[in-house]
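Here is a quick tour of a two-chain model, written for someone who has it open on screen. Take a look first, then read on.

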Amino acid sequence: MKRVIVACGSGVATSQMVASKVARLLKEKRVNAVVDAVDIKSIATHIKQCDVYIAITAPTVDYPVPVLNGIAFLTGMGMDKELDKLINLLK
Amino acid sequence: MELLQSIVNAVLGLGSQVFLPVVMILVGLLVKMKFKDAFSAGLTLGVAFVGMGAIIGFMFGFISPAAEALVNNTGIQLTAIDVGWSPLASIAWAWPYAFILFPIQIIVNMVMIALNKTNTLNVDLWNVWNKILTAVMVVAVSGSVVAAMVVGTIQVVFELWNADLTQKQVQKTTGIPGVSVPHSMMMFAVVLNPFNKILEKIPGLNIDVDAQTLKDKIGVFAENHVMGFIIGTLIGFAAGYAPVAAVNLGISTGTALTLFPMVAKLFMVALSPISDAAGEFMKSKFPGREFYIGLDWPILAGSPELWVTAVLLVPVMLVFALILPGNNVLPMGGIVNICLVAPLLIITGGNIVRMVILGVMSTPIFLYVGTLLAPTITDLARTTGTYDVPAGQMISWAGMEMPVFRYVFSQASDIINGNFVGLIFLAVWGGLWFLYVKEWNARNKEL
């Protein structure tokens with residue numbers, strides 16, 4: 001099963017909020033994937049063990065996996081577009 | 001009133017790990033969650049409490065003897081263990097009146113938007129617990145739940161105003177349009193502002209520092225397990241432990257600091273559906289209206305300056321904790337002091353030199369307010385039956401959000417008991433706020 005990670009400053013609140021929401025949306029669309037919230041301080045470790053990275057911050061370096069915009073899931077603006085991108089990446 | 005008191009006592013008697021899941025299930029059903037989902041969310045909350053209690057018990061198991069050995073070996077007595085924000089959040093949620101702050105935040109925000117008093121719609125309902133912690137401190141000083149709710153309301157208003165004032169700078173720092181940060185930690189910038197103005201006048205301090213490179217080099221120290229290991233090992237050596245025992249203490253501390261956020265995540269898993277529903281509800285009430293969406297602080301976490309300063313301030317806090325007279329906090333879980341560096345980032349516009357100087361200057365405030373907070377928060381943990389704290393020891397948080405605001409307003413709440421000293425604090429706060437608004441109004445014209 002493919003793994004999606006969401007990172008924030010503690011790996012607790014914002015990232016888990018987005019992760020829970022994305023997991024719910026994926027379930028509604030019947031897409032199977034694991035969505036985990038992680039600590040951005042340890043992103044270098046987590047990035048090696050995922051298929052998609054949903055970022056809350058503007059990425060400053062290149063990552064080996066596709067990066068999506070997590071703010072869209074927080075504000076609701078542009079969320080459907082990011083969700084479609086995510087579903088395509090998980091197919 | 002007596003009836004209310006006995007209900008509250010009966011509820012308290014249940015213990016937070018039973019009482020809060022029940023509240024959670026009821027609130028879940030209220031926002032039209034399926035029973036199955038509401039039940040699962042409620043149970044998750046109970047699991048989170050018991051899980052957090054298990055780690056706190058585990059932590060005191062090795063830190064209590066270490067703190068004792070530290071006293072015997074060096075004479076340094078620090079009995080308030082800094083557990084960081086996540087156990088504090090859970091203790092705050094266990095306060096019997098905690099859930100009242102939820103509708104307060106939502107209603108105050110919606111009224112202010114309707115009256116054009118703010119442009120921020122705060123969908124970050126997780127941090128309602130910031131208001132709860134303030135309320136708990138107000139009750140500790142004034143004994144009045146009503147005063148606590150009034151101060152909670154005042155905090156919501158200031159948070160939204162601060163989010164509006166700093167929105168342009170947040171956009172410049174993060175590159176994310178249309179969002180603002182109403183998190184209470186940002187309020188510390190009100191205190192930092194005049195000192196930042198003075199430092200700005202010193203020409204030698206406006207050096208460019210390559211923060212990204214520095215962060216790549218020292219950022220690893222901010223990781224929970226690494227920081228925990230270092231702090232624990234240092235405490236072990238200071239306590240006169242043999243090297244193997246000191247390293248053992250280091251790994252145990254690293255374990256506790258790694259597990260805290262893992263368990264804290266469960267609180268968010270439980271709260272997330274309700275938080276989502278409330279956010280959607282608020283947005284649906286103002287169709288077509290443009291506003292900034294208020295988000296939690298981690299949107300700032302992409303700035304390398306934040307992490308570099310946080311790591312550089314770690315030894316500063318350790319040294320202060322040892323030498324400051326009157327300090328009782330042993331820094332551990334809150335030593336990477338986000339609640340200081342995030343407002344520093346915004347008020348200085350990311351100037352590392354000024355961030356570090358101001359950070360050193362203000363670290364003692366965090367330790368002293370942490371010392372004051374310890375008896376209150378430990379008492380709450382014990383009376384709500386949330387966590388067992390060994391006798392002679394206390395829980396605290398060395399890096400609490402907006403320590404000055406909380407101190408000022410909790411002291412001021414004692415006015416209702418005829419103690420008017422707090423008025424002086426309020427006047428000072430008012431003066432600082434006036435300067436702060438003036439500063440941002442000037443800056444926002446250029447941003």
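## Ground rules

A residue is called buried if 20 or more other C-beta atoms lie within 10 Å of its own, exposed if 12 or fewer, and partly exposed in between, with C-beta atoms placed from the backbone. Helices (H or I, at least four residues) and strands (E, at least two) are DSSP runs, numbered from the N terminus.

The model is predicted, and local features need pLDDT of at least 70, side-chain atom pairs count only at pLDDT 80 or more, while totals for chains, interfaces and linings use all residues. Residues are numbered from 1 along each chain as its sequence is written, and chains are lettered from A and ligands numbered from 1 in the order in which they are written.

## A buried helix in chain B

Let's start with helix α13 (residues 338–348) of chain B, where 11 of its 11 residues are buried. The list runs from I338(B) to T348(B) and includes C339(B), P343(B) and I347(B). The cover over these buried residues includes α7, α8, α12 (304–323) and α14 of chain B. Right after α13(B) comes G349(B), with a positive phi near 70°.

For contrast, try I202(B), in the loop between α8 (189–200) and α9 (211–218) of chain B. I202(B) counts as exposed because it has 11 C-beta neighbours inside 10 Å. Its C-alpha atom is 13 Å from that of L358(B), and the two residues are 156 apart along the chain.

## Two helices crossing

Which way do α6(B) and α7(B) cross? First the geometry: the axes of helix α6 (residues 128–142) and helix α7 (residues 145–174) of chain B come within 8 Å and cross at roughly 140°. That angle is why α6(B) is oblique to α7(B); angles under 35 degrees count as roughly parallel, over 145 as roughly antiparallel, 65 to 115 as roughly perpendicular and the rest as oblique. Axes here are lines fitted to C-alpha atoms, for helices over the stretch in contact, and angles run from 0 to 180 degrees between N-to-C directions.

The crossing of α6(B) and α7(B) is right-handed (the near helix is turned clockwise from the far one by less than a right angle). Residues making the contact (C-beta atoms, placed from the backbone, within 7 Å) include V138(B) and S142(B) of α6(B) and V145(B) and M149(B) of α7(B).

## Strands in both chains

Chain B has an open sheet of 3 strands in the order β5-β1-β6, with parallel pairing; strands pair if DSSP finds at least two bridges between them. The edges are β5 (329–330) and β6 (394–396) of chain B, each pairing on one side only. Strand β1 (residues 80–82) of chain B is joined to β6(B) by 3 bridges, and D82(B) has S396(B) as its bridge partner. Helix α14 (residues 352–383) of chain B lies across β1, β5 and β6 of chain B, at about 125° to β6(B).

Over in chain A, strand β3 (residues 52–55) points V52(A) and I54(A) one way and Y53(A) and A55(A) the other, and all are buried. 4 bridges tie β3(A) in parallel to strand β1 (residues 3–8) of chain A, with A7(A) opposite A55(A). Another 3 bridges link β3(A), again in parallel, to strand β4 (residues 67–69) of chain A, where L68(A) is the bridge partner of I54(A).

## Where the chains meet

The contact takes 31 residues from chain B and 24 residues from chain A. Helix α11 (residues 243–284) of chain B gives the most to the chain B side, with 9 residues.

Key:
Two residues are in contact if their C-beta atoms, placed from the backbone, lie within 7 Å.
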